[in-house]
Amino acid sequence: MTLASHALWSRRCARMPAQWALCLLAAAAGSAPAQIPPPATAKPPGGALHRIQARGSVVIGHRESSMPLSYVADGVPMGCSVDVCRSIAQALGRHLQLRETRVDYRQVTSSTRFDAIEKGEVDLECGSTTNTAARRQRVAFTIPHFVASSRMVVLSSQPYERIEDLDGKVVASTTGTTNIDSLAKEALAKSVRIRVEPAADHAQGFAWVVQGKVQAFAMDDVLLFGLRASHGRPEDLKVIGKPMTIEPYAIAFEKNNPELKAVVDAELRRLIQTRELHRLYGKWFTAPIPPRGINLGMRMPHLLVDSLKYPTDYVPQ
C-alpha cells in the first residue's frame, strides 16, 4: 500500500473501525501441485476466460510464505486466500461449462505478481495483496476477503493496551513499510511522545520486544499474530491498540474483462452470504494449521466483520 493512499484512507476511516464497511459505501463503495511450463515472453492470445477454456484449468498465483493466507507447506500451496481461489476456479469452470476444472499453481512474489497477471501466466493472484488505486491501473480486484490493519505487539506482562500507554517509550517498526510512517503520524495526532526505532525486518522488530529492547513493535496485525503464534511462549505477548491503517486484501485478476469479473464477484458474494468464508476464516486463523500445527488465535477483526455485511469491491484509495 502506498504512503499517500494510507494517509488518505487512515484519515477517513481508521478512527471508526466499527463502521469500516459503511465508510466504504459512503465514500463510493492432498496432492502435489501441477507443474506449470516456463512463462511465455508475450501474453497468450485471448482473455483469461479464453485461456482457461482452452487449457481446461485455472492457474492460481500463490505466495511462498504469507501465512496463513498463501504459503507452501510440504510442497503444497495452501492458505485462506488459496482456498478462496479454489472456489472461484470451480465457479469459472461451471461458467465455461468445463467437464472438469483443474487447478494449477505458479508461485509469484510481491514484485512479479502483477506482471504474471498482465502476461496471462496466472488467472487469479491469491496472496496477501492490498487493493489500491495504483494497482487498479494494472489489474482488477474482487470484494476483499480479509482486512489487515496496523497494530502493535507488546509483552503481556506490561500494562500497555493502546498507543497512549506508550508515551515516552520506544516503539519499533520495519524500515520501508507504511507502518513506520503511520505509527509516527498516529503518535503525533494523539500527542504521544514515542521514539520510533527502525528494524531491518519483521523478525528483528519482534525479537526486540521479546528481549525488552523496545516496548512495542508495530506491523500488520495478521503478521503480528503469526509471529506471536510461532514464538515458543505465545502467551508472553499480546497484540494491542486500535487500527492505525486499513488494508483490504483481495484477489487480483485481469482487468477490463467484465465477464470474468462478474463470475469472480458472484462467487465471492456466495462465499460471504453462505458464511463459507467465515468457516474458512476459522480454519486458518483460529485452528491449528500446517505444517507445525500452530494456532494464530486471531478472532475475526471488527473491520472484516462489518465489511462482510456490505460486500463491495470499492476501495477509496
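How much of the accessible surface of the protein chain belongs to carbon and sulfur atoms?

1. Overall picture. The coordinates under review are those of a predicted model. The accessible surface of the protein chain amounts to about 14000 Å², and carbon and sulfur atoms account for 52% of that area. The protein chain has 317 residues, of which 53% are buried, and its secondary structure consists of eleven helices and 15 strands.

2. The nonpolar cores. In soluble globular proteins, nonpolar side chains tend to be buried together. Here the largest nonpolar core holds 66 residues, and Leu92, Leu124, Phe146 and Phe285 are those with the most contacts inside it. Helix 4, which spans residues 80-95, gives this core its largest share, namely eight residues. Apart from this core lies another one, made of 14 residues, including Val154, Ile163, Val171 and Val192.

3. Surroundings of Leu92. Leaving aside residues up to four places away in sequence, Leu92 touches Leu49, Ile52, Val58, Leu124, Leu260 and Val263. Two of these names return in the next point, since Leu49 and Ile52 are among the buried residues of helix 3, while Leu124 is, like Leu92 itself, one of the residues with the most contacts inside the largest core.

4. Helix 3. In this helix, which runs over residues 48-55, the buried residues are Ala48, Leu49, Arg51 and Ile52. They lie on the same side of helix 3 because the arc that they cover around the axis is only 165 degrees. Among the elements that cover these buried residues are strand 1 (57-62), helix 4 and helix 9 (258-273). Just after helix 3 comes Gly56, which adopts a positive phi of about 75 degrees.

5. Helix 7. A comparable reading can be given for helix 7 (residues 202-211), where Gly205, Phe206, Trp208 and Val209 are buried. Viewed down the axis of helix 7, these buried residues fall within an arc of 150 degrees, so they line one face of the helix. As background, an α-helix has 3.6 residues a turn, so residues three or four places apart point the same way. The cover over the buried residues of helix 7 includes strand 9 (150-155), strand 10 (170-174), strand 11 (195-199), strand 12 (216-220), helix 8 (221-230) and strand 13 (237-240).

6. Helix 8. This helix, one of the elements covering helix 7, is itself mostly covered, with seven of its ten residues buried. The buried residues in helix 8 are Asp221, Val222, Leu224, Phe225, Gly226, Arg228 and Ala229, a list that holds the charged residues Asp221 and Arg228 beside nonpolar ones.

7. Helix 9 against helix 10. The axes of helix 9 and helix 10 (residues 276-285) come within 4 Å of one another and cross at roughly 75 degrees, which means that helix 9 is roughly perpendicular to helix 10. On the side of helix 9 the contact is made by Arg270, Leu271 and Ile272, and on the side of helix 10 by Glu276, Leu277 and His278.

8. Cis peptide bonds and positive phi values. Most residues other than glycine have a negative phi, and most peptide bonds are trans. Against that background, the bond from Met67 to Pro68 is cis, with omega near 5 degrees, and Pro68 sits in the loop between strand 2 (65-66) and strand 3 (70-73). Pro290 and Pro291 are likewise joined by a cis peptide bond, with omega about 0 degrees, and Pro291 belongs to the loop between helix 10 and helix 11. Ser191, although not a glycine, has a positive phi of about 55 degrees; its place is the loop between helix 6 (178-189) and strand 11, and Ser191 is exposed, with a relative accessible area of 64%. Asn256, also not a glycine, has a positive phi of about 60 degrees and is found in the loop between strand 15 (252-253) and helix 9, where Asn256 is exposed at a relative accessible area of 71%.

9. His302. This residue is part of helix 11 (residues 302-309). Is His302 buried or exposed? Its relative accessible area is 62%, and because exposed means over 50%, His302 counts as exposed. His302 and Val147 stand 155 residues apart in sequence, yet their C-alpha atoms are 9.3 Å apart in space.

Notes
Residues numbered from 1 in each chain as written. Predicted model: local features only at pLDDT ≥ 70, side-chain atom pairs only at ≥ 80, totals over all residues. Heavy atoms only, no water. Core = buried A, V, L, I, M, F, W, Y, C linked by side-chain atoms within 4.5 Å. Buried < 20%, exposed > 50% of the residue type's maximum accessible area, 1.4 Å probe, protein only. Helix = DSSP H or I, 4+ residues; strand = E, 2+ residues; numbered from the N terminus. Contact = heavy atoms within 4.5 Å. Arc of directions from axis to C-beta. Areas by Shrake-Rupley, 256 points an atom, 1.4 Å probe, with all protein chains shown as cover. Axes fitted to C-alpha atoms, helices over the stretch in contact; angles between N-to-C directions. Parallel < 35°, antiparallel > 145°, perpendicular 65-115°, else oblique.
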